[in-house]
Amino acid sequence: MTRRKKVKQKDKLILFLLFLIGIVIGIKYLYTMPEFEREKPIIESEAHLFWNYKDSIQITFRDNIGLKSYKLILSDGKRSEIIGQGQLEGYPKKQTILVKYPAKSKVLDIKSKHFIMTVNITDNSVWHNTATKKIDINIDYKRPNVRVIANSRTINQGGSALVVFRAEDKNLDKVYVLANGHTFKVQPYKKEGYYATLLAWPFTDKNFDAKVVATDKAGNKKEVPIPFYHVNIRYKVSKIRATNKFIDGKIADLSLSNPKYAGITDRLQRLKAINETMRENNEALIHRLSKYISNKMIDHWKVKRFYPLKNRKKVGSYGDHRYYYYGNKNNIISESYHVGNDFASTKMADIVTSNSGKVVFANTNGIYGNMPMIDHGLGLYTLYGHCSQIMVEEGDEVYAKEVIAKTGVSGLALGDHLHFGILIQGIEVRPVEWTDQKWITVFIDNIFKKADRMIASE
């Protein structure tokens, strides 16, 4: 074989190898193109659902490239019917569809209590990747059964009340009390299906409305009003002179203690920032800390009247709407609400907790100064502001008559005193009720006793 022929054969071999490499690269390119991907679409739905006759079932599809078409087949165990199918315009990567109950079907037994839905979804790839899911569906169109067992007969504006009720449904999902737009969690009480909760009427709301709400897993809802007599309270309105001494003293100290406010030098802006913005942030923390309520069943709940300070004198009222003026009384520069009672005694007097509980906060909280806060169960919390010394730590279990702190002038306090606050699931309520044993007996203890008798008889 001549040298020239050998060169030609070698060139042909190289060209052939290049051709093969090109084919491999081309095939690899095609298979790595999005259109050639092999990933199946995703069907987002629980494997077991509950369905009532009026609401639609929601099913969501997802795909990394794009969704092309879907089909829904419903079976009553004997016969099947396509109840939904179609092409998805624009090949979306995510699509949610609503499936209505086939009430007018002439194929299915629409009175059946059980169905199987087969869901098919296909993507827009060359391989038409398809996902299939079978969903077990139970039909439930009955609303939960809700009945109020016992409740406080009266609630005062800014005050508290108790309700004990029964909520039954084999598929019960959520149960709570809704009052003036606030959702109050409830705690299982005595036996399965019974619940209790304290609720509150915010003192800034003129009207009040409360109802028990129960929903099942199919979305059926029952709402039952709680029968209360409503008593409006006229709360105090005060005008307080803001002096330079006050602003340059306490207000300045609080401002300089927090980098957020330290740069404010204008007197009036500084007062407004501390009295309103800092106060709002401090109270947001208090509200967050006091929203918890256990979901464990309780057999009883009882508290005695709160008497945190011996030989006390009330020097500040709950619900007081305070306007601060500078110079002229008409020159209002700031306003706030006082959401507790102020009690004064001797300097650095012992503060005691009248009932057992768990300390959820024991630190400094802006205008409230050194402030322990205690969870007494059933959503009831107490706080103790302006302390000179805190003698408990967060997480401590405290007992009745235990000394937890000493009065002082920390925070926004001009004289040695205690700011005593009570909250129910994040809402401040009237301390005067919880410091009155007669009120507790009539509106709390007796309600539990009535409920206990009725529960025992059922």
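The accessible surface of the protein chain adds up to about 24700 Å², and carbon and sulfur atoms account for 52% of that. The model behind this figure, and behind everything that follows, is a predicted one. Of the 458 residues in the chain, 48% count as buried.

On to overall build. The protein chain holds 6 helices and 32 strands. Its radius of gyration is 34 Å, well over the 23 Å that the globule rule gives for 458 residues, so the chain is more spread out than a compact globule. The C-alpha trace tells its side of the story along the principal axes, where the spans come to about 120 × 70 × 45 Å. As for how the chain meets itself, take the contacts between residues at least 6 apart in sequence: 68% of these join residues at least 24 apart. Charge comes next. The count is 72 positive side chains against 47 negative ones, and the centres of the two sets sit 3 Å apart.

Now for the inside. The largest nonpolar core is made up of 64 residues, and L199, W301 and W434 are the ones with the most contacts inside it. Helix α6, which covers residues 437–457, supplies the largest share of this core, with 8 residues. There is also a second core, separate from that one, with 28 residues; Y235, I367, L383 and L412 are among them.

A few individual residues are worth a look, starting with two that sit in strands. H230 belongs to strand β18, which runs over residues 229–231. With a relative accessible area of 39%, H230 is partly exposed, because that value falls between the 20% limit for buried and the 50% limit for exposed. Setting aside residues up to four places away in sequence, H230 touches I155, W201 and F208. N129 is another matter: it is 101 residues from H230 along the chain, and the C-alpha atoms of the two are separated by 63 Å.

K221 is found in strand β17, residues 221–225. K221 also counts as partly exposed, at 39% relative accessibility. Once the neighbours within four places in sequence are left out, the contacts of K221 are R143, P144, V213, A214 and T215. Between K221 and M278 there are 41 Å in space, C-alpha to C-alpha, and the pair is 57 residues apart in sequence.

Next come two loop residues picked out by their backbone angles. N180 is not a glycine, yet its phi is positive, at about 50°. The loop that holds N180 links β12 (172–179) and β13 (182–184). N180 has a relative accessibility of 25% and counts as partly exposed. M348 likewise has a positive phi without being a glycine, with a value near 55°. M348 is placed in the loop between β23 (341–344) and β24 (350–353), and its relative accessible area of 47% makes it partly exposed.

The loop between α4 and β20 provides the last pair. Y292 is located there, with α4 covering 267–289 and β20 covering 313–316. Apart from neighbours within four places in sequence, Y292 is in contact with D375, G379 and Y381. Y292 and I424 are 132 residues apart in sequence, while their C-alpha atoms are 9.5 Å apart in space. K302 lies in the loop between α4 and β20 as well. K302 counts as exposed, at 56% relative accessibility, since exposed is taken to mean over 50%. From K302 to T382 the C-alpha separation is 15 Å, with their positions 80 residues apart along the chain.

Conventions
Residues numbered from 1 in each chain as written. Heavy atoms only, no water. Helix = DSSP H or I, 4+ residues; strand = E, 2+ residues; numbered from the N terminus. Rg over C-alpha atoms; globule rule 2.2 N^0.38 Å. Buried < 20%, exposed > 50% of the residue type's maximum accessible area, 1.4 Å probe, protein only. Contact = heavy atoms within 4.5 Å. Areas by Shrake-Rupley, 256 points an atom, 1.4 Å probe, with all protein chains shown as cover. Lys, Arg positive; Asp, Glu negative; His and termini not counted. Charge placed at Lys NZ, Arg CZ, Asp CG, Glu CD. Core = buried A, V, L, I, M, F, W, Y, C linked by side-chain atoms within 4.5 Å.
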